[in-house]
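User: Please take a close look at one strand and its pairing partners. After that, add the other local features worth recording.

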Amino acid sequence: MTANASARAIKPELLRTYTEDFNKDRANLIAADAAVSAGVLKAATDYRGVRALPRDFSIELKQGSITNQERSGRCWMFASLNTLRYELMHRWNLEDFEFSETYLFFWDAMEKSNTYLENVLRTLDEATDSRLFEAINESPADDGGWWQMFAALVNKYGLVPKSAYPESENSRNSDDFKQYLNSKLREFAAELRRRSAAGASEDELRALKDEYMGTVYRICAVALGEPPEKFDFFARPKDDDEDKKGEACKCKAEADADGKAESCKCGESCKCEGKSDAKACKCDKDKSDKPKTGKDERPQIREIGITPLEFYKKYVPVDVNDFVTLANAPLKNRPFNQRYRIRFSANVAEAGDMEFVNVPLDVFKKAALDQLTAGHPIWFACDCTQFALRKDGFFDQSVVRVDQLFGTEFTGDKAHGLEYGDSPSNHAMTFTGVNLGEDGKPNRWKVENSWGKDAGEDGYYVMSDAWFDRYVTELIIRKEYLDDATRALLTTEPVELDPWQPLTRRCR
(Lines give C-alpha, C1' and ligand atoms only; values in the text may rest on other atoms or scores of the structure.)
Protein backbone atom coordinates (compact mmCIF):
# COMPACT_ATOMS: atom_id res chain seq x y z
CA MET A 1 0.00 0.00 0.00
CA THR A 2 1.39 3.39 -0.99
CA ALA A 3 1.75 6.22 1.50
CA ASN A 4 -1.07 8.18 -0.15
CA ALA A 5 -3.39 5.16 -0.08
CA SER A 6 -2.60 4.59 3.57
CA ALA A 7 -3.46 8.20 4.40
CA ARG A 8 -6.89 7.80 2.74
CA ALA A 9 -7.84 4.61 4.54
CA ILE A 10 -9.74 4.16 7.81
CA LYS A 11 -6.99 3.21 10.23
CA PRO A 12 -7.46 0.13 12.46
CA GLU A 13 -6.24 2.01 15.53
CA LEU A 14 -8.90 4.67 14.95
CA LEU A 15 -11.59 2.00 14.68
CA ARG A 16 -10.53 0.65 18.07
CA THR A 17 -10.80 4.16 19.51
CA TYR A 18 -14.26 4.65 17.98
CA THR A 19 -15.66 1.45 19.47
CA GLU A 20 -14.11 2.09 22.89
CA ASP A 21 -15.60 5.59 23.01
CA PHE A 22 -19.00 4.29 21.83
CA ASN A 23 -19.20 1.63 24.53
CA LYS A 24 -18.10 3.94 27.31
CA ASP A 25 -21.26 6.08 26.96
CA ARG A 26 -24.40 4.46 28.40
CA ALA A 27 -26.58 6.76 26.24
CA ASN A 28 -25.11 5.22 23.09
CA LEU A 29 -26.04 1.73 24.23
CA ILE A 30 -29.60 2.73 25.10
CA ALA A 31 -29.97 4.57 21.79
CA ALA A 32 -28.66 1.54 19.86
CA ASP A 33 -31.09 -0.80 21.64
CA ALA A 34 -34.02 1.46 20.78
CA ALA A 35 -33.02 2.16 17.17
CA VAL A 36 -32.13 -1.44 16.29
CA SER A 37 -35.40 -2.70 17.77
CA ALA A 38 -37.86 0.00 16.67
CA GLY A 39 -36.14 1.91 13.86
CA VAL A 40 -34.57 5.36 13.85
CA LEU A 41 -37.77 7.43 13.67
CA LYS A 42 -39.62 5.65 16.48
CA ALA A 43 -36.53 5.67 18.66
CA ALA A 44 -36.05 9.39 18.02
CA THR A 45 -39.69 10.43 18.67
CA ASP A 46 -39.93 12.92 21.54
CA TYR A 47 -43.27 12.78 23.34
CA ARG A 48 -42.80 16.33 24.60
CA GLY A 49 -42.52 17.57 21.03
CA VAL A 50 -45.68 15.65 20.12
CA ARG A 51 -47.59 17.22 23.01
CA ALA A 52 -46.41 20.67 21.98
CA LEU A 53 -48.24 20.34 18.62
CA PRO A 54 -51.95 19.83 19.34
CA ARG A 55 -54.25 19.34 16.38
CA ASP A 56 -56.54 22.32 16.80
CA PHE A 57 -56.26 25.49 14.77
CA SER A 58 -57.68 28.98 15.12
CA ILE A 59 -58.19 29.16 11.33
CA GLU A 60 -59.42 25.92 9.74
CA LEU A 61 -61.05 25.18 6.38
CA LYS A 62 -63.66 22.47 5.94
CA GLN A 63 -62.37 20.14 3.23
CA GLY A 64 -63.73 16.97 1.60
CA SER A 65 -62.64 13.42 2.33
CA ILE A 66 -58.95 12.53 2.22
CA THR A 67 -57.54 11.44 -1.14
CA ASN A 68 -54.87 8.82 -1.82
CA GLN A 69 -52.25 8.91 -4.57
CA GLU A 70 -51.20 5.39 -3.54
CA ARG A 71 -48.01 4.13 -5.24
CA SER A 72 -47.65 6.94 -7.75
CA GLY A 73 -45.83 10.26 -7.97
CA ARG A 74 -48.92 12.39 -8.49
CA CYS A 75 -48.80 14.44 -5.29
CA TRP A 76 -48.63 17.74 -7.20
CA MET A 77 -51.76 16.80 -9.11
CA PHE A 78 -53.65 15.66 -6.00
CA ALA A 79 -52.70 18.82 -4.09
CA SER A 80 -53.79 20.96 -7.04
CA LEU A 81 -57.13 19.20 -7.39
CA ASN A 82 -57.68 19.31 -3.62
CA THR A 83 -57.20 23.08 -3.79
CA LEU A 84 -59.81 23.41 -6.56
CA ARG A 85 -62.35 20.96 -5.14
CA TYR A 86 -62.57 23.02 -1.96
CA GLU A 87 -63.66 25.99 -4.06
CA LEU A 88 -66.12 23.89 -6.07
CA MET A 89 -67.65 22.23 -3.00
CA HIS A 90 -68.32 25.53 -1.27
CA ARG A 91 -69.56 27.27 -4.40
CA TRP A 92 -72.13 24.52 -5.08
CA ASN A 93 -72.81 23.53 -1.46
CA LEU A 94 -71.63 19.93 -1.84
CA GLU A 95 -70.83 17.69 1.12
CA ASP A 96 -67.94 16.06 -0.70
CA PHE A 97 -66.39 15.89 -4.16
CA GLU A 98 -63.30 14.51 -5.87
CA PHE A 99 -61.93 15.24 -9.33
CA SER A 100 -60.51 12.49 -11.52
CA GLU A 101 -56.77 12.46 -11.03
CA THR A 102 -56.44 9.75 -13.68
CA TYR A 103 -57.90 12.05 -16.34
CA LEU A 104 -55.08 14.58 -15.94
CA PHE A 105 -52.56 11.76 -15.45
CA PHE A 106 -53.40 10.44 -18.93
CA TRP A 107 -52.95 13.80 -20.60
CA ASP A 108 -49.84 14.59 -18.56
CA ALA A 109 -48.21 11.39 -19.87
CA MET A 110 -49.16 12.34 -23.42
CA GLU A 111 -47.95 15.92 -23.11
CA LYS A 112 -44.68 15.06 -21.36
CA SER A 113 -43.95 12.49 -24.08
CA ASN A 114 -44.56 15.07 -26.78
CA THR A 115 -42.46 17.69 -25.01
CA TYR A 116 -39.62 15.21 -24.48
CA LEU A 117 -39.49 14.41 -28.19
CA GLU A 118 -39.68 18.12 -29.00
CA ASN A 119 -36.78 18.74 -26.62
CA VAL A 120 -34.83 15.99 -28.36
CA LEU A 121 -35.39 17.82 -31.66
CA ARG A 122 -34.23 21.08 -30.01
CA THR A 123 -30.96 19.51 -28.84
CA LEU A 124 -29.86 17.37 -31.80
CA ASP A 125 -26.43 18.99 -31.68
CA GLU A 126 -25.93 18.17 -28.00
CA ALA A 127 -23.79 15.16 -27.11
CA THR A 128 -25.74 12.47 -25.28
CA ASP A 129 -23.40 12.90 -22.30
CA SER A 130 -23.81 16.68 -22.13
CA ARG A 131 -25.29 17.97 -18.90
CA LEU A 132 -28.27 19.44 -20.73
CA PHE A 133 -29.18 16.30 -22.65
CA GLU A 134 -28.73 14.16 -19.53
CA ALA A 135 -31.20 16.43 -17.70
CA ILE A 136 -33.72 16.17 -20.55
CA ASN A 137 -33.27 12.40 -20.89
CA GLU A 138 -33.32 11.55 -17.18
CA SER A 139 -37.11 11.11 -16.82
CA PRO A 140 -38.92 11.66 -20.13
CA ALA A 141 -42.48 11.18 -18.83
CA ASP A 142 -42.11 10.72 -15.09
CA ASP A 143 -44.99 11.27 -12.65
CA GLY A 144 -43.69 14.42 -10.97
CA GLY A 145 -44.70 18.01 -11.57
CA TRP A 146 -45.58 21.50 -10.37
CA TRP A 147 -48.70 23.66 -10.18
CA GLN A 148 -47.97 25.30 -13.54
CA MET A 149 -47.95 21.90 -15.21
CA PHE A 150 -51.36 21.31 -13.66
CA ALA A 151 -52.63 24.68 -14.89
CA ALA A 152 -51.41 23.95 -18.42
CA LEU A 153 -53.30 20.64 -18.46
CA VAL A 154 -56.51 22.18 -17.11
CA ASN A 155 -56.38 25.03 -19.63
CA LYS A 156 -56.09 22.56 -22.50
CA TYR A 157 -58.14 19.55 -21.36
CA GLY A 158 -60.45 20.75 -18.58
CA LEU A 159 -61.50 18.62 -15.60
CA VAL A 160 -63.85 15.72 -14.90
CA PRO A 161 -65.27 14.23 -11.70
CA LYS A 162 -63.77 10.98 -10.49
CA SER A 163 -66.94 9.08 -11.37
CA ALA A 164 -66.34 9.87 -15.07
CA TYR A 165 -62.80 8.45 -15.12
CA PRO A 166 -61.95 6.48 -11.97
CA GLU A 167 -58.61 5.15 -10.80
CA SER A 168 -57.00 2.13 -12.47
CA GLU A 169 -54.27 -0.23 -11.37
CA ASN A 170 -51.70 1.69 -13.42
CA SER A 171 -52.69 5.08 -12.03
CA ARG A 172 -52.56 3.75 -8.47
CA ASN A 173 -49.23 2.00 -9.09
CA SER A 174 -47.57 3.74 -12.00
CA ASP A 175 -44.02 2.35 -12.05
CA ASP A 176 -44.49 -0.40 -14.64
CA PHE A 177 -46.51 1.79 -17.00
CA LYS A 178 -44.00 4.62 -16.85
CA GLN A 179 -40.97 2.33 -17.08
CA TYR A 180 -41.95 1.01 -20.49
CA LEU A 181 -43.32 4.32 -21.73
CA ASN A 182 -39.97 5.95 -20.91
CA SER A 183 -38.04 3.09 -22.53
CA LYS A 184 -40.01 3.54 -25.76
CA LEU A 185 -39.52 7.30 -25.70
CA ARG A 186 -35.75 6.88 -25.42
CA GLU A 187 -35.81 4.50 -28.39
CA PHE A 188 -37.68 7.17 -30.35
CA ALA A 189 -35.13 9.78 -29.27
CA ALA A 190 -32.24 7.63 -30.48
CA GLU A 191 -33.92 7.10 -33.85
CA LEU A 192 -34.65 10.82 -34.27
CA ARG A 193 -31.00 11.61 -33.60
CA ARG A 194 -29.85 8.87 -36.00
CA ARG A 195 -32.15 10.12 -38.77
CA SER A 196 -30.96 13.67 -38.19
CA ALA A 197 -27.31 12.62 -38.47
CA ALA A 198 -28.21 10.85 -41.73
CA GLY A 199 -29.54 14.10 -43.18
CA ALA A 200 -33.31 14.00 -42.51
CA SER A 201 -35.02 17.39 -42.68
CA GLU A 202 -36.85 19.03 -39.78
CA ASP A 203 -40.20 18.35 -41.47
CA GLU A 204 -39.32 14.67 -41.89
CA LEU A 205 -38.26 14.40 -38.26
CA ARG A 206 -41.41 16.09 -37.00
CA ALA A 207 -43.59 13.81 -39.15
CA LEU A 208 -41.78 10.86 -37.61
CA LYS A 209 -42.42 12.33 -34.14
CA ASP A 210 -46.14 12.56 -34.90
CA GLU A 211 -46.09 8.89 -35.88
CA TYR A 212 -44.34 8.03 -32.62
CA MET A 213 -47.00 9.86 -30.65
CA GLY A 214 -49.57 7.39 -32.01
CA THR A 215 -47.64 4.65 -30.21
CA VAL A 216 -47.53 6.77 -27.06
CA TYR A 217 -51.31 7.20 -27.19
CA ARG A 218 -51.77 3.45 -27.56
CA ILE A 219 -49.56 2.76 -24.53
CA CYS A 220 -51.42 5.32 -22.40
CA ALA A 221 -54.86 4.10 -23.51
CA VAL A 222 -53.98 0.45 -22.81
CA ALA A 223 -52.59 1.31 -19.36
CA LEU A 224 -55.27 3.78 -18.25
CA GLY A 225 -58.21 3.50 -20.63
CA GLU A 226 -59.22 6.28 -22.97
CA PRO A 227 -60.37 9.53 -21.33
CA PRO A 228 -63.95 10.71 -21.90
CA GLU A 229 -64.74 13.38 -24.46
CA LYS A 230 -68.12 13.98 -22.77
CA PHE A 231 -69.71 12.70 -19.59
CA ASP A 232 -72.78 12.99 -17.38
CA PHE A 233 -72.54 14.74 -14.03
CA PHE A 234 -74.89 14.32 -11.09
CA ALA A 235 -74.63 15.81 -7.60
CA ARG A 236 -76.89 16.77 -4.70
CA PRO A 237 -76.23 19.96 -2.75
CA LYS A 238 -76.41 19.73 1.02
CA ASP A 239 -79.77 20.25 2.69
CA ASP A 240 -79.57 23.73 4.21
CA ASP A 241 -81.99 22.65 6.95
CA GLU A 242 -79.27 20.37 8.30
CA ASP A 243 -77.05 23.38 8.90
CA LYS A 244 -79.86 25.25 10.68
CA LYS A 245 -80.92 22.62 13.19
CA GLY A 246 -80.92 23.98 16.69
CA GLU A 247 -81.04 27.63 15.66
CA ALA A 248 -83.58 29.75 17.52
CA CYS A 249 -86.50 30.91 15.38
CA LYS A 250 -86.35 34.63 14.65
CA CYS A 251 -90.04 34.97 13.75
CA LYS A 252 -90.78 37.23 16.72
CA ALA A 253 -88.04 39.65 15.81
CA GLU A 254 -89.16 39.68 12.19
CA ALA A 255 -92.90 40.07 12.92
CA ASP A 256 -94.55 43.19 11.58
CA ALA A 257 -96.17 45.82 13.73
CA ASP A 258 -99.35 43.77 13.98
CA GLY A 259 -97.43 40.76 15.25
CA LYS A 260 -97.82 38.88 11.96
CA ALA A 261 -94.85 36.75 10.85
CA GLU A 262 -95.13 36.88 7.06
CA SER A 263 -92.61 34.22 5.97
CA CYS A 264 -90.83 32.29 8.68
CA LYS A 265 -88.15 30.00 7.20
CA CYS A 266 -86.08 29.28 10.25
CA GLY A 267 -86.25 25.51 10.31
CA GLU A 268 -86.46 22.98 13.09
CA SER A 269 -87.10 25.06 16.21
CA CYS A 270 -89.84 27.51 15.20
CA LYS A 271 -91.87 29.08 17.98
CA CYS A 272 -94.63 30.51 15.79
CA GLU A 273 -97.24 28.03 16.98
CA GLY A 274 -98.69 30.49 19.49
CA LYS A 275 -99.28 33.11 16.79
CA SER A 276 -102.71 32.33 15.42
CA ASP A 277 -102.49 35.15 12.89
CA ALA A 278 -99.13 34.11 11.43
CA LYS A 279 -100.01 34.14 7.73
CA ALA A 280 -97.32 32.06 6.08
CA CYS A 281 -95.06 30.28 8.50
CA LYS A 282 -93.07 27.69 6.55
CA CYS A 283 -91.01 26.27 9.38
CA ASP A 284 -92.85 23.01 9.94
CA LYS A 285 -96.16 23.36 8.13
CA ASP A 286 -94.86 22.25 4.74
CA LYS A 287 -93.15 19.28 6.31
CA SER A 288 -96.19 18.19 8.29
CA ASP A 289 -98.41 18.40 5.20
CA LYS A 290 -96.23 15.92 3.29
CA PRO A 291 -96.08 12.23 4.14
CA LYS A 292 -92.63 11.11 5.23
CA THR A 293 -90.89 8.78 2.76
CA GLY A 294 -87.38 7.53 2.20
CA LYS A 295 -87.02 9.59 -0.96
CA ASP A 296 -84.12 12.04 -1.14
CA GLU A 297 -85.81 15.39 -1.71
CA ARG A 298 -82.66 17.48 -1.97
CA PRO A 299 -82.19 19.53 -5.14
CA GLN A 300 -80.13 18.02 -7.91
CA ILE A 301 -77.38 19.18 -10.23
CA ARG A 302 -77.59 17.27 -13.52
CA GLU A 303 -75.49 17.63 -16.67
CA ILE A 304 -75.86 15.33 -19.67
CA GLY A 305 -73.05 15.14 -22.21
CA ILE A 306 -70.89 17.94 -20.82
CA THR A 307 -67.27 18.25 -21.99
CA PRO A 308 -64.32 18.46 -19.57
CA LEU A 309 -63.59 22.06 -20.56
CA GLU A 310 -67.25 23.02 -20.18
CA PHE A 311 -67.30 21.40 -16.75
CA TYR A 312 -64.22 23.30 -15.61
CA LYS A 313 -65.49 26.65 -16.83
CA LYS A 314 -69.00 26.17 -15.42
CA TYR A 315 -68.39 24.50 -12.06
CA VAL A 316 -64.93 25.58 -10.85
CA PRO A 317 -65.25 29.14 -9.50
CA VAL A 318 -61.54 30.01 -9.85
CA ASP A 319 -59.21 30.45 -12.82
CA VAL A 320 -56.03 28.34 -12.60
CA ASN A 321 -54.16 31.18 -14.31
CA ASP A 322 -54.83 33.54 -11.38
CA PHE A 323 -52.24 31.82 -9.20
CA VAL A 324 -48.54 32.60 -8.82
CA THR A 325 -45.65 30.42 -7.64
CA LEU A 326 -43.80 32.04 -4.75
CA ALA A 327 -40.50 30.54 -3.66
CA ASN A 328 -38.40 31.13 -0.58
CA ALA A 329 -34.90 30.07 -1.62
CA PRO A 330 -32.26 32.03 0.33
CA LEU A 331 -29.41 31.34 -2.12
CA LYS A 332 -26.63 33.82 -2.97
CA ASN A 333 -27.02 33.11 -6.68
CA ARG A 334 -30.81 33.44 -6.49
CA PRO A 335 -31.49 36.99 -5.22
CA PHE A 336 -34.86 37.74 -3.64
CA ASN A 337 -37.48 39.91 -5.34
CA GLN A 338 -36.69 38.48 -8.75
CA ARG A 339 -38.72 36.50 -11.28
CA TYR A 340 -37.15 33.26 -12.60
CA ARG A 341 -37.88 30.79 -15.39
CA ILE A 342 -36.60 27.20 -15.53
CA ARG A 343 -35.54 26.06 -19.00
CA PHE A 344 -36.95 22.77 -20.36
CA SER A 345 -39.46 22.47 -17.49
CA ALA A 346 -42.76 22.45 -19.42
CA ASN A 347 -45.04 19.46 -19.72
CA VAL A 348 -47.31 21.04 -22.37
CA ALA A 349 -44.87 22.20 -25.06
CA GLU A 350 -46.81 25.29 -26.12
CA ALA A 351 -47.61 26.41 -22.56
CA GLY A 352 -44.11 27.55 -21.67
CA ASP A 353 -41.68 26.76 -18.87
CA MET A 354 -42.23 26.98 -15.12
CA GLU A 355 -41.75 30.38 -13.49
CA PHE A 356 -41.54 31.56 -9.90
CA VAL A 357 -40.86 34.70 -7.88
CA ASN A 358 -38.28 34.34 -5.12
CA VAL A 359 -39.25 36.37 -2.03
CA PRO A 360 -38.01 36.78 1.56
CA LEU A 361 -39.56 34.59 4.25
CA ASP A 362 -41.70 37.36 5.76
CA VAL A 363 -43.35 38.12 2.39
CA PHE A 364 -43.69 34.39 1.70
CA LYS A 365 -45.42 33.67 5.00
CA LYS A 366 -47.67 36.73 4.97
CA ALA A 367 -49.10 35.68 1.59
CA ALA A 368 -49.91 32.26 3.04
CA LEU A 369 -51.58 33.73 6.12
CA ASP A 370 -53.63 36.22 4.09
CA GLN A 371 -54.93 33.52 1.75
CA LEU A 372 -55.84 31.08 4.54
CA THR A 373 -57.44 33.83 6.60
CA ALA A 374 -59.58 34.74 3.59
CA GLY A 375 -60.81 31.13 3.45
CA HIS A 376 -58.78 29.59 0.63
CA PRO A 377 -56.46 26.54 0.84
CA ILE A 378 -52.86 26.67 -0.41
CA TRP A 379 -50.83 24.30 -2.57
CA PHE A 380 -47.28 24.08 -1.24
CA ALA A 381 -44.09 22.10 -1.83
CA CYS A 382 -41.49 20.96 0.67
CA ASP A 383 -39.05 18.19 1.55
CA CYS A 384 -41.44 15.80 3.26
CA THR A 385 -38.71 13.42 4.42
CA GLN A 386 -36.91 15.70 6.87
CA PHE A 387 -37.81 15.38 10.57
CA ALA A 388 -41.15 13.86 9.66
CA LEU A 389 -43.31 11.07 11.06
CA ARG A 390 -45.33 9.69 8.15
CA LYS A 391 -47.58 7.39 10.15
CA ASP A 392 -48.26 9.75 13.06
CA GLY A 393 -48.50 12.92 10.98
CA PHE A 394 -45.87 15.34 12.29
CA PHE A 395 -43.44 17.71 10.59
CA ASP A 396 -41.21 19.09 13.33
CA GLN A 397 -37.58 18.92 14.38
CA SER A 398 -38.63 18.94 18.03
CA VAL A 399 -40.63 15.74 17.50
CA VAL A 400 -38.00 13.78 15.56
CA ARG A 401 -34.97 14.15 17.82
CA VAL A 402 -32.39 12.33 15.75
CA ASP A 403 -29.88 14.78 17.17
CA GLN A 404 -30.38 13.25 20.62
CA LEU A 405 -30.48 9.71 19.23
CA PHE A 406 -27.19 10.00 17.32
CA GLY A 407 -25.53 12.49 19.66
CA THR A 408 -24.85 15.09 16.99
CA GLU A 409 -26.44 18.39 15.96
CA PHE A 410 -27.96 18.89 12.50
CA THR A 411 -27.16 22.52 11.79
CA GLY A 412 -27.73 22.93 8.04
CA ASP A 413 -29.99 25.85 7.13
CA LYS A 414 -32.42 26.27 4.23
CA ALA A 415 -29.77 27.56 1.83
CA HIS A 416 -27.51 24.60 2.63
CA GLY A 417 -30.36 22.15 2.07
CA LEU A 418 -31.09 23.55 -1.38
CA GLU A 419 -27.52 24.13 -2.52
CA TYR A 420 -26.31 20.68 -1.55
CA GLY A 421 -29.47 18.81 -2.55
CA ASP A 422 -30.16 17.73 1.03
CA SER A 423 -33.71 19.10 1.22
CA PRO A 424 -35.13 19.75 -2.26
CA SER A 425 -38.84 20.09 -2.91
CA ASN A 426 -40.04 16.52 -3.35
CA HIS A 427 -43.69 16.54 -2.27
CA ALA A 428 -46.73 18.78 -2.67
CA MET A 429 -49.60 19.04 -0.17
CA THR A 430 -52.28 21.54 0.85
CA PHE A 431 -52.49 23.92 3.78
CA THR A 432 -56.02 23.91 5.19
CA GLY A 433 -55.47 25.61 8.53
CA VAL A 434 -53.15 27.56 10.79
CA ASN A 435 -53.06 28.38 14.48
CA LEU A 436 -52.23 31.90 15.59
CA GLY A 437 -50.77 32.58 19.00
CA GLU A 438 -51.62 35.45 21.31
CA ASP A 439 -49.17 37.62 19.36
CA GLY A 440 -51.08 36.94 16.14
CA LYS A 441 -48.19 34.95 14.65
CA PRO A 442 -48.50 31.35 13.42
CA ASN A 443 -47.14 28.55 15.57
CA ARG A 444 -48.46 25.49 13.69
CA TRP A 445 -50.08 24.64 10.35
CA LYS A 446 -52.71 22.09 9.32
CA VAL A 447 -51.70 20.01 6.30
CA GLU A 448 -53.97 17.96 4.05
CA ASN A 449 -51.94 15.12 2.55
CA SER A 450 -52.75 12.67 -0.27
CA TRP A 451 -51.49 9.47 1.33
CA GLY A 452 -54.89 8.19 2.46
CA LYS A 453 -56.72 8.47 5.77
CA ASP A 454 -54.41 6.02 7.58
CA ALA A 455 -51.43 8.39 7.32
CA GLY A 456 -51.30 11.06 10.00
CA GLU A 457 -54.53 11.67 11.87
CA ASP A 458 -57.31 10.81 9.41
CA GLY A 459 -55.01 11.93 6.60
CA TYR A 460 -54.03 15.29 8.14
CA TYR A 461 -50.63 16.37 9.45
CA VAL A 462 -49.53 19.11 11.80
CA MET A 463 -46.45 21.19 10.98
CA SER A 464 -44.58 23.44 13.37
CA ASP A 465 -43.92 26.99 12.23
CA ALA A 466 -40.18 26.42 12.58
CA TRP A 467 -40.44 23.48 10.16
CA PHE A 468 -42.38 25.71 7.73
CA ASP A 469 -39.54 28.23 7.79
CA ARG A 470 -36.87 25.59 7.16
CA TYR A 471 -38.42 23.16 4.67
CA VAL A 472 -41.36 24.79 2.82
CA THR A 473 -39.95 26.21 -0.41
CA GLU A 474 -42.93 26.90 -2.71
CA LEU A 475 -46.44 28.32 -2.30
CA ILE A 476 -49.17 28.78 -4.91
CA ILE A 477 -50.83 32.09 -4.10
CA ARG A 478 -53.81 33.84 -5.69
CA LYS A 479 -52.68 37.12 -7.21
CA GLU A 480 -55.09 39.09 -5.02
CA TYR A 481 -53.08 38.10 -1.91
CA LEU A 482 -49.73 39.31 -3.23
CA ASP A 483 -48.39 42.62 -1.98
CA ASP A 484 -47.92 45.38 -4.55
CA ALA A 485 -44.16 44.93 -4.81
CA THR A 486 -44.42 41.21 -5.50
CA ARG A 487 -47.26 41.69 -7.98
CA ALA A 488 -45.13 44.20 -9.89
CA LEU A 489 -42.43 41.55 -10.36
CA LEU A 490 -44.81 39.48 -12.50
CA THR A 491 -44.27 41.83 -15.45
CA THR A 492 -40.46 41.90 -15.24
CA GLU A 493 -38.18 39.90 -17.54
CA PRO A 494 -37.38 36.54 -15.88
CA VAL A 495 -33.87 35.26 -15.22
CA GLU A 496 -33.47 31.86 -16.90
CA LEU A 497 -32.24 28.88 -14.87
CA ASP A 498 -30.86 25.58 -16.11
CA PRO A 499 -32.93 22.43 -15.44
CA TRP A 500 -30.38 20.97 -13.02
CA GLN A 501 -30.19 23.97 -10.67
CA PRO A 502 -31.82 24.03 -7.18
CA LEU A 503 -35.63 24.26 -7.09
CA THR A 504 -35.94 22.38 -10.39
CA ARG A 505 -36.85 18.96 -9.02
CA ARG A 506 -40.43 17.94 -9.72
CA CYS A 507 -42.64 17.08 -6.76
CA ARG A 508 -43.65 13.43 -6.51
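The request and a connected answer follow.

User: Which strands pair with β10, in which sense, and over how many bridges? Please go on from there to the cysteines and the backbone angles.

Analyst: The model is predicted, and the description below is of that model. Strand β10 covers residues 427-436. Nine of its 10 residues are buried, so the strand is largely enclosed by the rest of the structure.

Three pairings of β10 can be described in turn. Strand β1, residues 59-60, is joined to β10 by two bridges, and the two run antiparallel. Within that pairing, Ile-59 has Val-434 of β10 as its bridge partner. Strand β7, residues 378-382, also pairs with β10 in the antiparallel sense, here over five bridges. Trp-379 stands opposite Thr-430 of β10. Strand β11, residues 442-448, pairs with β10 over six bridges, again antiparallel. One of the residue pairs is Gly-433 with Lys-446, the latter in β11.

The link between β10 and β11 is a hairpin with five residues between the two strands. Gly-440 lies in the turn and has a positive phi of about 80°. As background, most residues other than glycine have a negative phi.

Two residues other than glycine also have positive phi values. Asn-337 has a phi near 55°. Its place is in the loop between β4 (323-327) and β5 (338-342). At 43% relative accessibility, Asn-337 counts as partly exposed because the value falls between the 20% and 50% cut-offs. Leu-503 has a phi near 75° and is found in the segment after β14 (495-497). With 8% relative accessibility, Leu-503 counts as buried.

On the cysteines, the count of disulfides comes to zero. Why do Cys-75 and Cys-507 not form one? The closest cysteine sulfur to that of Cys-75 is the one in Cys-507, at 5.3 Å, which is too far for a bond because the cut-off is 2.5 Å. Seen from the other side, Cys-507 has Cys-75 as the residue with the closest cysteine sulfur. Both side chains are out of contact with the probe by the area figures: Cys-75 is buried at 0% relative accessibility, and Cys-507 is buried at 0%.

A charged residue can be added to the list of buried positions. Lys-209 is found in helix α12, residues 202-224, and counts as buried because its relative accessibility is 5%. Leaving aside residues up to four places away in sequence, Lys-209 touches Asn-114, Leu-117, Glu-118, Leu-121 and Leu-192.

The last item is on the surface. Ile-10, Leu-14, Leu-15 and Tyr-18 make a nonpolar surface patch of about 420 Å². Of these, Tyr-18 is found in helix α2, residues 12-24. Tyr-18 is partly exposed rather than exposed, because its relative accessible area is 48% and the cut-off for exposed is over 50%.

To return to the strand in the request, β10 is largely enclosed and is paired antiparallel with β1, β7 and β11.

Methods: Residues numbered from 1 in each chain as written. Predicted model: local features only at pLDDT ≥ 70, side-chain atom pairs only at ≥ 80, totals over all residues. Heavy atoms only, no water. Patch = residues over 30% accessible without salt bridge, like charges linked within 9 Å, V, L, I, M, F, W, Y side chains within 5 Å. Areas by Shrake-Rupley, 256 points an atom, 1.4 Å probe, with all protein chains shown as cover. Salt bridge = Lys/Arg side-chain N within 4 Å of Asp/Glu carboxyl O. Helix = DSSP H or I, 4+ residues; strand = E, 2+ residues; numbered from the N terminus. Buried < 20%, exposed > 50% of the residue type's maximum accessible area, 1.4 Å probe, protein only. Pairing = 2+ DSSP bridges. Contact = heavy atoms within 4.5 Å.
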